[in-house]
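Biologist: I should like to request a close look at a single part of this protein. Please explain the reasoning in full, as I am in my first year of study.

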Amino acid sequence: MASPRTKPAPAATKPAEKSAASSRAEDEQSIRNAAASYAEAFTKGDAKAVAAHFAADAEYEAADGHVIQGRAAIEQALTQGLADQPGSKLAVQVGSIRFL
């Protein structure tokens, strides 16, 4: 006669494994979507939407080494930069994603 407190069969753990894999796939898709959204906003010249991808306290190092601190300052620099180069385009291709 089996005890009412028997351990579940190993197959019972599979839904949790699938959930973790599903979560990983969702995270990967979110990263790809964020990259596409960033490129789309940049190509549209929408500095506010590009800056929204940065944390409020982000630091951005420009190509010349100048460091811009904070989302608001990054947005301001992007506004000027995009105005100086109308029609700029940005393409982003995510080659791989590795979770640590």
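Is Ser88 buried or exposed, and what is its relative accessible area? Please then describe the surroundings of this residue and continue to other parts of the model.

Modeller: Please bear in mind throughout that this is a predicted model. Ser88 has a relative accessible area of 16%. Because buried means under 20%, Ser88 counts as buried. The residue belongs to the segment after helix H3, which spans 71-84.

Two kinds of neighbour can be described for Ser88. Along the chain, its side chain reaches the backbone oxygen of Gln85 at a distance of 2.6 Å. When the neighbours within four places in sequence are set aside, Ser88 is in contact with Phe42 and Thr43.

Helix H3 is also a useful starting point for the largest pocket, whose volume is about 320 Å³. The elements that give two or more residues to the lining of this pocket are helix H1 (14-44) and H3. H3 gives the most, with 5 residues. In total, 14 residues line the largest pocket, and those nearest its centre are Tyr60, Ala62, Ala77, Leu78 and Gly81. Sorted by class, the lining holds 9 nonpolar, 4 polar and 1 charged residues.

Tyr60 leads from the pocket to the aromatic rings. The model has 2 aromatic pairs. In one of them, the ring centres of Phe54 and Tyr60 lie 6.0 Å apart, and the ring planes meet at 85°. Planes over 60 degrees apart count as edge-to-face, so the pair formed by Phe54 and Tyr60 is edge-to-face. Ring pairs also bring in Tyr38, which joins Phe54 and Tyr60 in a cluster. As for accessibility, Phe54 counts as buried at 17%, whereas Tyr60 is partly exposed, with a relative accessible area of 34%. The class of Tyr60 follows because its value lies between the limits of 20% and 50%.

A last example is Asp64. This residue lies in the loop between strand E1 (59-61) and strand E2 (67-69). With a relative accessible area of 65%, Asp64 is exposed, because exposed means over 50%. A polar atom of the Asp64 side chain lies 2.8 Å from the backbone nitrogen of His66.

To return to the request, Ser88 is buried, and its side chain reaches the backbone oxygen of Gln85. Asp64, by contrast, is exposed, and its side chain has a polar atom 2.8 Å from the backbone nitrogen of His66.

Methods
Residues numbered from 1 in each chain as written. Predicted model: local features only at pLDDT ≥ 70, side-chain atom pairs only at ≥ 80, totals over all residues. Heavy atoms only, no water. Helix = DSSP H or I, 4+ residues; strand = E, 2+ residues; numbered from the N terminus. Buried < 20%, exposed > 50% of the residue type's maximum accessible area, 1.4 Å probe, protein only. Polar contact = N/O pair within 3.5 Å; in protein donor to acceptor, adjacent residues only side chain to side chain. Contact = heavy atoms within 4.5 Å. Phe/Tyr/Trp six-rings, centres within 6.5 Å; stacked < 30°, edge-to-face > 60°. 1 Å grid on protein atoms, 1.4 Å probe; cavity = no way out; pocket = protein on both sides within 12 Å on 5 of 7 lines; lining within 4 Å. Points joined across faces, edges and corners; volume = space filled by probe spheres on them. Nonpolar A, V, L, I, M, F, W, Y, C, P; charged D, E, K, R; others polar.
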